[in-house]
Amino acid sequence: MCAWFVPRPDPLADGARVGGRREALRFMGAALLASGMFPWPEARAAENAALAFGSGSLEGALKALGAVLDPSPRVRLAVPDFVENGSVVPVEVTSELPGSQTICVFSEANPFPLVARFVVPEGTDPYVSTRIKVAESCNIYALVQADGRYFSAVKATTVTVGGCGNG
Amino acid sequence: MAEPMRIRARLKEGVTEVHVLMLHPMETGFRKDDAGRPISAHYITDVQISVQGRTVLSATLSRAVSQDPLLYFRFQGGRVDDTIRVDWIDTLGERRTDEAQIQG
């Protein structure tokens, strides 16, 4: 059985504190166990990403990743200007940067801004399209790691009905 | 047991386009049921997609990925009839693996 198959419990289960140390450690433990399949740099990156997923702020998530927002025209982010339903917001990220390795998507106003992280191996286009939940009108960020440096793109989206709670 | 994924992979001019639809509630843990009781979190955390044993995409998802996560991406070097395999695991330790063949 591949080490990748390690269940990662929800960090809020059992009343764990949001962004708390215990939660972070638990995340890290899972990431460490899961890291057997990755070469070392990605293993460490996965640990940092696990911390970033548990962060309640964009700044905290970026800090955990060791990233900064450095806007680049070579990172393109497509998000609708207006969405009626925040629970299904199409997002598309394209990188034109050589050596693109990872793509992260953030929704700034979400309780946990880091929405998803993609590891793009060589041979896969640095491009991904998915659908996310956006809590309220806010900025959506795309963060691309290329040759070890981070580059970003931002786009504001206006949401009529938020995508987090009921309804 | 979760329902089978829908996987579509198509080779077009040397590039394989992949659509994966994973049927999953992706519960955030923030919602309440009709009686006002909180619905516990239940979402896919890790996805791994490989072709003939080679990883072509790994993804870490959060609760903020929409219900029934959809992924679309492209990779180079696939061949018609190659097997594409998608694995996921969620916060409750449920997992699912499905395969499909690359179409021409």
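In the predicted model, A:Gly66 directly follows helix H3 of chain A and adopts a positive phi of about 75°. Helix H3(A) covers residues 58-65, and its buried residues are A:Leu58, A:Ala61, A:Leu62, A:Ala64 and A:Leu65. These buried positions line one face of the helix, because they fall within an arc of 160° when viewed down the axis of H3(A). An α-helix has 3.6 residues a turn, so residues three or four places apart point the same way.

The domain assignment of chain A places residues 1-54 in domain 1 and residues 69-167 in domain 2. Contact between the two domains involves four residues of domain 1 and four residues of domain 2. On the domain 1 side, the touching residues comprise three nonpolar, no polar and one charged.

Strand E4 of chain A spans residues 100-107. Eight of its eight residues are buried, so E4(A) is largely enclosed by the rest of the structure. E4(A) pairs in the antiparallel sense with strand E7 of chain A (residues 138-146), over seven bridges. Within this pairing, A:Thr102 has A:Gln145 of E7(A) as its bridge partner. E4(A) is also joined to E5(A) by five bridges, again in an antiparallel arrangement. Here A:Cys104 lies opposite A:Arg117 of E5(A). The two strands E4(A) and E5(A) form a hairpin, with six residues between them.

A further strand of chain A, E3, runs over residues 89-95 and contains A:Val89. A:Val89 counts as buried because it has 22 C-beta neighbours inside 10 Å, the cut-off for burial being 20 or more. Beyond its neighbours within four places in sequence, A:Val89 is in contact with A:Val79, A:Pro80, A:Val83, A:Arg131, A:Ile132, A:Val134, A:Thr157 and A:Gly163. The C-alpha atoms of A:Val89 and A:Lys133 are 6.1 Å apart, although 44 residues separate the two in sequence.

Chain B has seven strands and zero helices, giving the pattern β-β-β-β-β-β-β along the sequence. Its C-alpha atoms fill a box of roughly 55 × 20 × 20 Å along the principal axes. Of the 104 residues in chain B, 41% are buried. Among contacts in chain B between residues at least 6 apart in sequence, 54% join residues at least 24 apart. The mean pLDDT of chain B is 96, with 99% of its residues at 70 or more.

Two residues of chain B other than glycine, B:Met26 and B:Gln52, have a positive phi. Most residues other than glycine have a negative phi. For B:Met26 the value is near 50°, and the residue is located in the loop between strand E2 (15-21) and E3 of chain B. B:Met26 is buried, because 22 C-beta neighbours lie inside 10 Å. Phi is likewise near 50° for B:Gln52, which is located in the loop between E3 and E4 of chain B. B:Gln52 is partly exposed, because 13 other C-beta atoms lie within 10 Å.

The interface between the chains brings 33 residues of chain B into contact with 36 residues of chain A. On the chain B side, the elements that contribute two or more residues are strands E3 (44-51), E4 (54-61) and E5 (70-76). The chain B residues that touch chain A divide into 15 nonpolar, 13 polar and five charged. Strand pairing crosses the interface: E5 of chain A (residues 114-119) and E4(B) are antiparallel and share four bridges. In this pairing A:Phe118 stands opposite B:Ala59 of E4(B). E5(A) is thus bridged to E4(A) within chain A and to E4(B) across the interface. For the complex, the predictor gives an ipTM of 0.96 and a pTM of 0.86.

Conventions: Residues are numbered from 1 along each chain as its sequence is written. Chains are lettered from A and ligands numbered from 1 in the order in which they are written. This is a predicted model: local features need pLDDT of at least 70, side-chain atom pairs count only at pLDDT 80 or more; totals for chains, interfaces and linings use all residues. Two residues are in contact if their C-beta atoms, placed from the backbone, lie within 7 Å. Ala, Val, Leu, Ile, Met, Phe, Trp, Tyr, Cys and Pro count as nonpolar, Asp, Glu, Lys and Arg as charged, and the others, Gly among them, as polar. Two strands pair if DSSP finds at least two bridges between them. A residue is buried if 20 or more other C-beta atoms lie within 10 Å of its own, exposed if 12 or fewer, and partly exposed in between; C-beta atoms are placed from the backbone. pLDDT is the predictor's confidence in each residue, from 0 to 100. Domain bounds come from an automatic or database domain assignment. The arc is that of the directions from the helix axis to the C-beta atoms.
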